[in-house]
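I opened this notebook page to record what I looked up in one model. The entries are kept short and follow the order in which I worked.

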Amino acid sequence: MRATNESVALARHINAFLNEYVPSQKTRSAHTLKAYSDALSLYIGFLETEKGINSGNLNGDCFCAANVEDWLVWLMESRSCGPETCNNRLASLRAFLKYLGGRDVSYLHLSQAASRIERKKVYAKKVTGMSKKAVSALLEAPDSSTKAGRRDIALMVVMYSTAARIDEILSMKVEQLHLDADKPNITVIGKRGKIRTLYLLPKATAHLRAYIKDSHEATPNPSSFVFYSRNTGPTGKMSQNAVNKQLRKHAQTARAVCGEVPADIHAHQLRHAKSSHWLEDGMNIVQISFLLGHVQLQTTMVYLDITTEQEAKALATLEDENDKSAPKKWRSADGNLSAYCGVRTMKK
């Protein structure tokens, strides 16, 4: 069937959204770009296989709220997608419809209708933490006599000491290392291109220095990735799958010394571990939120689920120490953290 003018225009909008707008205006993360592409691919595939839509009858009505709701049901029933995945897919489709309405006002109602579709209910997952003993055992697991072992030690020490996101560390280039500064630090680029400076302790600085000397040229190329793939060399960054594979390998070794090390460990657990250890050591939750690069303080609260008995003491640092008459809400009998923070109690 011959394509109509409207279907051609919609196809062009989809292409421009994925290949021009999202990379330049929304995100540079390869994973996030893939998420947008996957969502639209699934929706177009749904229209074609379930609704009989083709290039001849593709039009704005294909993106109506009723079709979007049917798509969400299809994702859950036919593709076994969980509620969280469905919500992510819906968010990506909403972003496209908002873009579409901004480019052509005749489609604005589609974005408004999609924004009223309720998200699937998702239950909070409890974060699996790691004790300081477990982290210590993990960091001692790699074989320091091998080049790969020394790389893994440096990588894990930097990941744990800074609590940076794994993609922030793997995307880091040599020019983002400032090891000779008065206060050695690294610069990471987080979500939405936000830049953070993370200061390094002497141990992390020493491991990074040794690794750079061991794995890079005498005069490292500033544009080289710090932690790079063996297949591509310094021009290609190490993959997250490769990191997680190495972590699980070292976890097996570490478990012989400390049974608390998770066998199915993944990179993000080191970030969780460090944040919880900061809290245990009495660091203010606002400071932790800043170091983690969280925009919303409530996002950081998930890390409270994995603290020890020192949680109350650490949270107490948020109170005005000069106001002794103020009731200590964190000592309330029911231990309601939501009341303490002035937010609604999360439904369980």
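The entries below go from the whole chain to one helix pair, then to cysteines and to two loop residues.

**Entry 1: the chain as a whole.** I noted at the outset that this is a predicted model. I looked up the secondary structure and found 15 helices and five strands. The chain has 348 residues, and 43% of them count as buried. I then turned to the surface: the chain exposes about 19900 Å², and carbon and sulfur atoms supply 50% of that area. For contacts with a separation of 6 or more, I recorded that 57% join residues 24 or more positions apart.

**Entry 2: helices H6 and H7.** I selected H6, residues 132-139, and H7, residues 147-162. Their axes lie 10 Å apart and the packing angle is about 155 degrees. Angles over 145 degrees count as roughly antiparallel, so I entered H6 and H7 as roughly antiparallel to each other. I next listed the residues that meet between the two helices. H6 contributes Val135, Leu138 and Leu139, while H7 contributes Ile153, Met156, Val157 and Tyr160. Sorted by class, this contact has seven nonpolar residues and no polar or charged ones.

**Entry 3: cysteines.** How many disulfides does the structure hold? I found zero. I checked Cys64, which is in no disulfide; the nearest cysteine sulfur belongs to Cys62 and is 7.9 Å away. A disulfide needs the two sulfur atoms within 2.5 Å. With a relative accessibility of 25%, Cys64 counts as partly exposed. I checked Cys81 as well, and it too is in no disulfide. Its nearest cysteine sulfur, that of Cys86, is 5.2 Å away. Cys81 counts as buried, at 13% relative accessibility.

**Entry 4: positive phi in two loops.** I looked up Ser80, which has a positive phi of about 55 degrees although it is not a glycine. I located Ser80 in the loop between helix H3 (65-78) and helix H4 (83-103). Is Ser80 buried or exposed? Its relative accessibility is 65%, so I entered Ser80 as exposed.

I then looked up Ala163, also not a glycine, and recorded a positive phi of about 60 degrees. Ala163 lies in the loop between H7 and helix H8 (166-170). The relative accessible area of Ala163 is 0%, so I entered this residue as buried. I closed the entry by setting the two side by side: Ser80 is exposed, whereas Ala163 is buried.

Conventions: Residues are numbered from 1 along each chain as its sequence is written. This is a predicted model: local features need pLDDT of at least 70, side-chain atom pairs count only at pLDDT 80 or more; totals for chains, interfaces and linings use all residues. Side-chain values use heavy atoms; hydrogens and water are left out. Helices (H or I, at least four residues) and strands (E, at least two) are DSSP runs, numbered from the N terminus. Buried means under 20% relative accessible area, exposed over 50%, partly exposed in between (1.4 Å probe, protein chains only). Contact means heavy atoms within 4.5 Å. Accessible areas come from the Shrake-Rupley method with a 1.4 Å probe; for residues, only the protein chains shown count as cover. Axes are lines fitted to C-alpha atoms, for helices over the stretch in contact, and angles run from 0 to 180 degrees between N-to-C directions. Angles under 35 degrees count as roughly parallel, over 145 as roughly antiparallel, 65 to 115 as roughly perpendicular and the rest as oblique. Ala, Val, Leu, Ile, Met, Phe, Trp, Tyr, Cys and Pro count as nonpolar, Asp, Glu, Lys and Arg as charged, and the others, Gly among them, as polar.
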